[in-house]
Amino acid sequence: MFALGGSVARLFFKRPFQTREFVEQFWFIASVTILPTALVSIPFGAVIALHLGSLTQQIGAESFTGAASVLAIIQQASPLVTALLIAGAGGSAMCADLGARTIREEIDAMEVLAVSPVQRLVVPRVLACMLVAVLLNGMVSVVGVLGGYFFNVIMQGGTPGAYLSSFSSLAQLPDLWISEIKALIFGYIAGVVAAYRGLHPRGGPKGVGDAVNQSVVITFLLLFFVNLVLTAIYLQIVPPRGG
């Protein structure tokens, strides 16, 4: 799987680039993930806002509710929600498609014809996953922040001015950068894992179904581990606002 990931990264810049395949895969992945991602981001932001609002009221720090909610959504919740939907909806479909091609021996036929399956099929799909993940991450951030604002201000009686001012006083631009970088890396991981399991299924249709399940589980495990590593590195490199 790591060898496939290295091959995909190396072939990003090799010509000819499969533009039509990339556009088709981008549209497909976006169409199956936009609505579920938007629907998931609203309760996700609401839960974070409600819990943090209750906690800050207990310790007398209501003025920092906005900053804590928005930073939690942008830095952690948004990239993870995006990646989970990319892996669960787009990645599973990608794995099933490549697995069906493999058991029908289409991949072997491409290799016999000296056509690289990785460059022809995998690279456009991985690039599509990365681009959709970055765009969906921005959408989840906006929807989650608006949902958190609504539930904190309307449901818990918070002050709109305090919610916005605390965010502007503690947040910084690198918080958005790390969110987009995480989404880009998570999309790459989801695409590579789905492609690997799709290219190496066990025999028969049952093997394709097992490969789809394995791809989703492996992607989830890798995403949480990589998120931990990226968060630890970010907190060591970028000092907090005012620090």
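Where does E105 lie? In this predicted model, E105 is placed in the loop between helix 3 and helix 4 (106-112), and the backbone of that residue is taken up again below, after the overall fold and the internal spaces.

## Overall architecture

The secondary structure of the protein chain amounts to eight helices and zero strands, so that, with helices and strands counted as DSSP runs, the order along the sequence reads α-α-α-α-α-α-α-α. The chain has 243 residues, of which 44% count as buried. Among the contacts between residues at least 6 apart in sequence, 87% join residues at least 24 apart.

The surface that the protein chain exposes comes to about 12,000 Å², and carbon and sulfur atoms supply 72% of that area.

## Cysteines

A disulfide is a covalent bond between the sulfur atoms of two cysteines, and a search of the whole structure finds zero disulfides in this model. Two cysteines can be described by their accessibility: C95 has a relative accessible area of 1% and counts as buried because the value is under 20%, while C129, at 0% relative accessibility, is likewise counted as buried.

## The cavity

The structure holds one cavity of 30 Å³ or more, and about 40 Å³ of space lies in the largest cavity. The residues that line this cavity are S41, F44, G45, I73, A77, V81, V140 and G144. Helix 2 (19-59), helix 3 (65-103) and helix 5 (117-155) are the elements that give two or more residues to the lining.

In terms of residue class, the lining of the largest cavity divides into five nonpolar and three polar residues, with no charged residue in the set.

## The largest pocket and residue I218

The largest pocket has a volume of about 200 Å³, and M1, F2, G5, Y188, I189, V192, V193 and L222 form its lining. The elements that give two or more residues to this lining are helix 1 (2-11) and helix 7 (173-199), and helix 7 gives the most, with four residues. By class, the lining of the largest pocket contains seven nonpolar residues, one polar residue and no charged residue.

I218, which is found in helix 8 (residues 204-237), can be related to this set of residues. Leaving aside neighbours within four places in sequence, I218 is in contact with M1, V193 and R197, and both M1 and V193 appear in the lining of the largest pocket. I189, another residue of that lining, is 29 residues from I218 in sequence, with the two C-alpha atoms 9.8 Å apart in space. The relative accessible area of I218 is 27%, and the residue is therefore classed as partly exposed, since the value falls between the 20% and 50% limits.

## A buried arginine in helix 5

R125 is found in helix 5, and with a relative accessible area of 1% the residue counts as buried, because that value is under the 20% limit. Once neighbours within four places in sequence are left aside, the residues in contact with R125 are E21, Q25, I29, M94, D97, L98 and R101. R125 and G90 are 35 residues apart in sequence, and their C-alpha atoms are 9.6 Å apart in space.

## Backbone geometry in the loops

Most residues other than glycine have a negative phi, and most peptide bonds are trans. Against that background, three places in the loops can be pointed out.

A cis peptide bond joins R15 and P16, with omega about 5 degrees, and P16 has its place in the loop between helix 1 and helix 2. E105, in the loop between helix 3 and helix 4, is not a glycine and yet has a positive phi of about 65 degrees; with a relative accessible area of 53%, E105 is exposed, because the value is over 50%. A114 is found in the loop between helix 4 and helix 5, where this residue, also not a glycine, has a positive phi of about 65 degrees. The relative accessible area of A114 is 70%, so A114 too counts as exposed.

Conventions. Residues numbered from 1 in each chain as written. Predicted model: local features only at pLDDT ≥ 70, side-chain atom pairs only at ≥ 80, totals over all residues. Heavy atoms only, no water. Buried < 20%, exposed > 50% of the residue type's maximum accessible area, 1.4 Å probe, protein only. Contact = heavy atoms within 4.5 Å. Areas by Shrake-Rupley, 256 points an atom, 1.4 Å probe, with all protein chains shown as cover. Disulfide = S-S within 2.5 Å. 1 Å grid on protein atoms, 1.4 Å probe; cavity = no way out; pocket = protein on both sides within 12 Å on 5 of 7 lines; lining within 4 Å. Points joined across faces, edges and corners; volume = space filled by probe spheres on them. Nonpolar A, V, L, I, M, F, W, Y, C, P; charged D, E, K, R; others polar.
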